Amino acid sequence: MKRGVNEVFYVLDMETTGVNANLADMIEIAVLKVAKESRNRFRILERFDQYINPQYPLPKSIVEFNAKNKTGITDKLLSEAPTVDIVLGELENFLQKQNPFIVGHNIISYDYKILNRTYHKYTGMDFHCRLFDTLVLARQYKQYHHAESNKLEMLFRLSEKRHSKANPNFHTAIANCCANLDVLEYLLDIE
C-alpha cells in the first residue's frame, strides 16, 4: 500500500453466522468507497450497507453474541432483509468495476473466503478483486506501536487519538469499515 495507494478503493467488512470461513454465511455486508485525499489520508465517497437474510435461524452462539454486543442483528431483522443473491447484485452495482482494490482487516483469510465462496455458488465464477489486508500490515509493524494485539478494535483505540471517521460498535459491518479506514491511516503513518 505504501508503494502507491490507489486513488479510489473500497473498504469491506461483514458480519456472519459463524467463525469458520468455510461454513459461515453473510448476514451483513458493508463497503466504503474511498478516495485518496492526501498522503495517508482518505475521504469516504459512498457507503453500501446491507443486511442479508440467511434463510435459516441464526445459530444460538451468534444470537447470544449479538445480544451481548448490542449489534441489533436479530432473526426478525434478517427475515425482512433481501437474500444473498439480490445483495450480491447490489454489491456488483456499487463496486462498478472489474477487479476492484479492496481493503479489509483479516480479509484474506476470512471475509474474502466467504464472499468468494458465496459469489461462486450463485454465479459459477470467482469474485475477482485485489486485496489489501490491514491485519497483515499490523503484524509487520507491531514492534513500532505497543499494541496488545492486532485486533481491529485494539488498533482503532490506538488510532482514535488522531482520527475521527468512526466511534464504532465493533460488531456491525459499517462501523468496522470506518474503524478499519482509521486503522489504515494509522498504520500507514507508522510505516
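## Buried or exposed: G104

Buried means under 20% relative accessible area. In this predicted model, G104 has a relative accessibility of 0%, so the residue counts as buried. You will find G104 in strand 4.

Which residues touch G104 from further along the chain? Setting aside neighbours within four places in sequence, G104 is in contact with L12, F132, D133, T134, L135 and N180. G104 and N176 are also worth a look: the two are 72 residues apart in sequence, with a C-alpha to C-alpha separation of 9.1 Å in space.

## The nonpolar cores

In soluble globular proteins, nonpolar side chains tend to be buried together. Here, the largest nonpolar core has 26 residues, and F9, V11, L32, L181 and L184 have the most contacts inside it. At least two residues of this core come from each of strand 1 (8–16), strand 2 (26–38), strand 4 (101–104), helix 5 (134–141), helix 6 (152–159) and helix 7 (173–190). Helix 7 gives the most, with 11 residues.

There is also a second, separate core, made up of 24 residues. Among them are A21, F48, L88 and C129.

## A look at R157

Now over to helix 6, where R157 has its place. R157 has a relative accessible area of 40%. Partly exposed covers the range between under 20% and over 50%, so R157 is partly exposed.

R157 can be paired with A179 for a distance check: 22 residues separate them in sequence, and their C-alpha atoms are 9.2 Å apart in space.

How values were computed. Residues are numbered from 1 along each chain as its sequence is written. This is a predicted model: local features need pLDDT of at least 70, side-chain atom pairs count only at pLDDT 80 or more; totals for chains, interfaces and linings use all residues. Side-chain values use heavy atoms; hydrogens and water are left out. A nonpolar core is a set of buried Ala, Val, Leu, Ile, Met, Phe, Trp, Tyr and Cys residues joined through side-chain atoms within 4.5 Å. Buried means under 20% relative accessible area, exposed over 50%, partly exposed in between (1.4 Å probe, protein chains only). Helices (H or I, at least four residues) and strands (E, at least two) are DSSP runs, numbered from the N terminus. Contact means heavy atoms within 4.5 Å.
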